[in-house]
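Hi,

Here is the structure I promised to pass on to you. Have a look at it first, and then read my notes below.

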Amino acid sequence: PLDGLADLPRHTLLSAGEALAHVPEIRWLAEHGRNAAVVLRSDSFPVLARAAAAGLGIALLPEALGRDCPGLVPVLPGCRPPPRQAWLVVHKDLRYVARVRAVLEFLAELFVGR
């Protein structure tokens, strides 16, 4: 079991490949698991989730994917990578159109409402 991030290097990791190496969360995992054995690299989060569920190692996954994949349990639920900004952009003439407004409000609730 993991008691904190300092325990991460003692475990096997599942990580993203080169195509996602620039993603801040992937860099965060690489930094904290610097000396850990990486047994699988994939740019597919569903592949990483299935590998983690099969017991191959620890993966950093989007929360919704981890929640929906049977066999996964959070190992450090209070520990998260630093948050980052997401911009929701729409043309100024469309921001009050009902269907566009509905999508904007849905996305804002999805990202901020948790």
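The sheet is an open one, built from 3 strands in the order β2-β1-β3 with parallel pairing. Its edge strands are β2 (38-41) and β3 (58-59), and each of these pairs on one side only. Strands here are DSSP runs of E with at least two residues, helices are runs of H or I with at least four, and both are numbered from the N terminus. Two strands count as paired if DSSP finds at least two bridges between them. For β1 and β2, there are 3 bridges in the parallel sense.

Before you go further, note that this is a predicted model: local features need pLDDT of at least 70, side-chain atom pairs count only at pLDDT 80 or more, and totals for chains, interfaces and linings use all residues. Residues are numbered from 1 along each chain as its sequence is written, and side-chain values use heavy atoms, with hydrogens and water left out.

Now the chain as a whole. It has 4 helices and 3 strands, and along the sequence they follow the pattern β-α-β-α-β-α-α. The radius of gyration is 17 Å, whereas a compact globule of 114 residues would be near 13 Å. That radius is taken over C-alpha atoms, and the globule rule is 2.2 Å times the number of residues to the power 0.38. Along the principal axes, the C-alpha trace spans about 55 × 30 × 25 Å.

Buried residues make up 25% of the 114. Buried means under 20% relative accessible area, exposed means over 50%, and partly exposed is in between (1.4 Å probe, protein chains only). About 8,300 Å² of the chain is exposed, and carbon and sulfur atoms supply 59% of that. The areas come from the Shrake-Rupley method with a 1.4 Å probe; for residues, only the protein chains shown count as cover. Of the contacts between residues at least 6 apart in sequence, 54% join residues at least 24 apart. A contact is a pair of heavy atoms within 4.5 Å.

Back to the sheet. Helix α2 (residues 45-53) lies across β1, β2 and β3, and runs at about 165 degrees to β1. For such angles, axes are lines fitted to C-alpha atoms (for helices, over the stretch in contact), and the values run from 0 to 180 degrees between N-to-C directions.

A good residue to start with is Ser15, which sits in strand β1. The bridge partner of Ser15 in β2 is Arg41. Ser15 counts as buried because its relative accessibility is 8%. Setting aside residues up to four places away in sequence, Ser15 touches Ile26, Leu29, Val38, Leu40, Arg41, Ser42 and Leu48.

Next come two residues in loops. Gly57 is in the loop between α2 and β3, and its relative accessible area is 19%, so Gly57 is buried. Beyond residues up to four places away in sequence, Gly57 touches Thr12, Leu14, Ala51 and Ala52. Gly57 and Val39 are 18 residues apart along the chain, and their C-alpha atoms are separated by 7.5 Å.

Leu60 is in the loop between β3 and α3. At 23% relative accessibility, Leu60 is partly exposed. Apart from neighbours within four places in sequence, Leu60 is in contact with Leu14, Glu25, Trp28, Leu29, Phe45 and Pro81. The C-alpha atoms of Leu60 and Leu13 are separated by 8.8 Å, with their positions 47 residues apart along the chain.

Then there is helix α3 (residues 63-68), where you will find Glu63. Glu63 is partly exposed at 41% relative accessibility. Leu65 is in helix α3 too, and with a relative accessible area of 25% Leu65 is also partly exposed. Leaving out residues up to four places away in sequence, Leu65 touches Phe45, Pro46 and Ala49.

Last, Asp7. It lies in the segment before β1 (13-15). Is Asp7 buried or exposed? Asp7 is buried, because its relative accessible area is 15%. Its side chain reaches the backbone nitrogen of Asp3 at 2.7 Å. Not counting neighbours within four places in sequence, Asp7 is in contact with Pro1 and Leu2.

Enjoy exploring!

Definitions and conventions: A polar contact is a pair of N or O atoms within 3.5 Å; within protein, one must be able to donate a hydrogen and the other to accept it, and residues adjacent in sequence count only if both atoms are side-chain atoms.
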